[in-house]
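Trainee: Got a minute to go through this model with me? I'd like to start with the overall layout and then look at the inside.
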Amino acid sequence: MKLKIKLPFWMNKGEPLKLANAAARYWERMYQWLKFPVMQFDPLTCDERLLFLYAYQRDVKRLNSEPLALYRKRIKYAYANAADSGSVVGFKNIFERLEIGTVQILERQYGYDWDVIILRLSDNQLTNNRELLTEIIRQYGRTCRRYFFEIVHVQPMRFRCGEFNNNQHYNGSKFDFKRIYTATVILKAGGFGEVKEFNGVQQ
């Protein structure tokens with residue numbers, strides 16, 4: 001919050017301007033003091049000296065060389081992650097909350113034992129978050145299950161599809177048209193005339 005006191009143009013100079021700037025700095029500091037206790041309830045904004053109490057309460061340990069922003073997210077979403085632990089959808093939600101990326105989870109695959117769960121990740125995900133992934137599996141993974149990492153590398157390819165068999169043929173059809181016509185005939189009988197229309201079909 002940046003407080004600025006706007007003075008009339010005839011007072012916006014000299015001692016009145018200095019007094020306005022001093023008052024703005026004072027109330028800005030007061031605002032920070034009032035906001036400080038409220039910020040301590042959120043692990044994302046609380047003081048770092050208070051953060052370890054939230055971590056102890058929610059059973060979160062900081063990893064080696066873990067960024068502070070990621071550590072705060074793990075503490076904030078600890079309850080939600082614990083509620084989602086064990087399920088396939090919940091495991092994907094954990095990855096989304098911590099902004100690790102997407103993950104594909106495969107269970108009971110051919111050629112593997114029944115207790116093996118495969119996590120398909122990209123090369124960058126595994127390289128940048130190896131210790132974090134191990135901690136997530138330890139804390140939120142299924143009991144009596146083994147987790148295997150499988151690297152998926154996406155390589156874009158371009159190709160065109162076309163027909164080049166050089167075959168050519170024609171399809172012929174025979175139609176039998178019938179022409180419908182209307183004829184107008186004037187019939188005369190006994191000095192009187194009458195107009196008649198006849199519809200016919202020409203073969």
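Trainee: How many helices and strands does the protein have?
Mentor: The protein has 7 helices and 5 strands. Helices (H or I, at least four residues) and strands (E, at least two) are DSSP runs, numbered from the N terminus. The order of the elements from the N terminus on is α-α-α-α-α-β-β-α-α-β-β-β.

Trainee: Anything I should know before reading off values?
Mentor: This is a predicted model, in which local features need pLDDT of at least 70 and side-chain atom pairs count only at pLDDT 80 or more, while totals for chains, interfaces and linings use all residues. Residues are numbered from 1 along each chain as its sequence is written, and side-chain values use heavy atoms, with hydrogens and water left out.

Trainee: What is the mean pLDDT of the protein?
Mentor: The mean is 79, and 78% of the residues reach 70 or more. pLDDT is the predictor's confidence in each residue, from 0 to 100.

Trainee: And where is confidence lowest and highest?
Mentor: Confidence is lowest in strand E4 (residues 179-189), with a mean of 47, and highest in H3, with 93. The pLDDT is below 50 over residues 180-189, a stretch that has 27 contacts in the model beyond near neighbours in sequence. Contact means heavy atoms within 4.5 Å.

Trainee: Let's stay with H3. Which residues of helix H3 are buried?
Mentor: In H3 (residues 68-76), the buried residues are Leu 70, Tyr 71, Arg 72, Arg 74 and Ile 75. Buried means under 20% relative accessible area, exposed over 50%, and partly exposed in between (1.4 Å probe, protein chains only).

Trainee: What covers them?
Mentor: The cover includes helix H2 (48-57), helix H4 (78-84) and H7.

Trainee: And for the whole protein, what share is buried?
Mentor: Buried residues make up 23% of the 203 residues.

Trainee: Now the empty space. How many cavities turn up?
Mentor: A search of the whole structure finds 2 cavities of 30 Å³ or more. A cavity is a set of points on a 1 Å grid over the protein atoms alone where a 1.4 Å probe fits but cannot get out, and lining residues have an atom within 4 Å of a point. Grid points are joined across faces, edges and corners, and a volume is the space filled by probe spheres set on the points.

Trainee: What volume does the largest cavity have, and what lines it?
Mentor: The volume of the largest cavity is about 60 Å³. Its lining consists of Gly 86, Ser 87, Val 88, Phe 91, Ile 105, Glu 107, Ile 117, Arg 142 and Tyr 147. Helix H5 (88-97) and strand E1 (104-107) each supply at least two of the lining residues.

Trainee: How does that lining split by class?
Mentor: There are 5 nonpolar, 2 polar and 2 charged residues in the lining of the largest cavity. Ala, Val, Leu, Ile, Met, Phe, Trp, Tyr, Cys and Pro count as nonpolar, Asp, Glu, Lys and Arg as charged, and the others, Gly among them, as polar.

Trainee: And the second largest cavity, which helix gives the most to its lining?
Mentor: Helix H7 (residues 130-140) does, with 5 residues. The second largest cavity holds about 50 Å³ of space. Among the residues lining it are Arg 74, Leu 132, Glu 135 and Tyr 140.

Trainee: Glu 135 is charged. Is it buried or exposed?
Mentor: Glu 135 is buried, at 12% relative accessible area. Not counting residues up to four places away in sequence, Glu 135 touches Leu 63 and Arg 74. Arg 74 is itself one of the buried residues of H3.

Trainee: Switching to the backbone. What is odd about Ser 65?
Mentor: Phi of Ser 65 is near 60°, a positive value in a residue other than glycine. Ser 65 sits in the loop between H2 and H3 and is exposed, with a relative accessible area of 78%.

Trainee: Where is Cys 144, and what is its phi?
Mentor: Cys 144 is in the loop between H7 and strand E3 (146-151). Its phi is positive, about 60°, although Cys 144 is not a glycine. Cys 144 is exposed, with 62% relative accessible area.

Trainee: Last one, the front end. What does Ile 5 contact?
Mentor: Ile 5 is in the segment before helix H1 (14-39). Leaving aside neighbours within four places in sequence, Ile 5 is in contact with Ala 20, Ala 23 and Ala 24. With a relative accessible area of 36%, Ile 5 is partly exposed.

Definitions and conventions: 1 Å grid on protein atoms, 1.4 Å probe; cavity = no way out; pocket = protein on both sides within 12 Å on 5 of 7 lines; lining within 4 Å.
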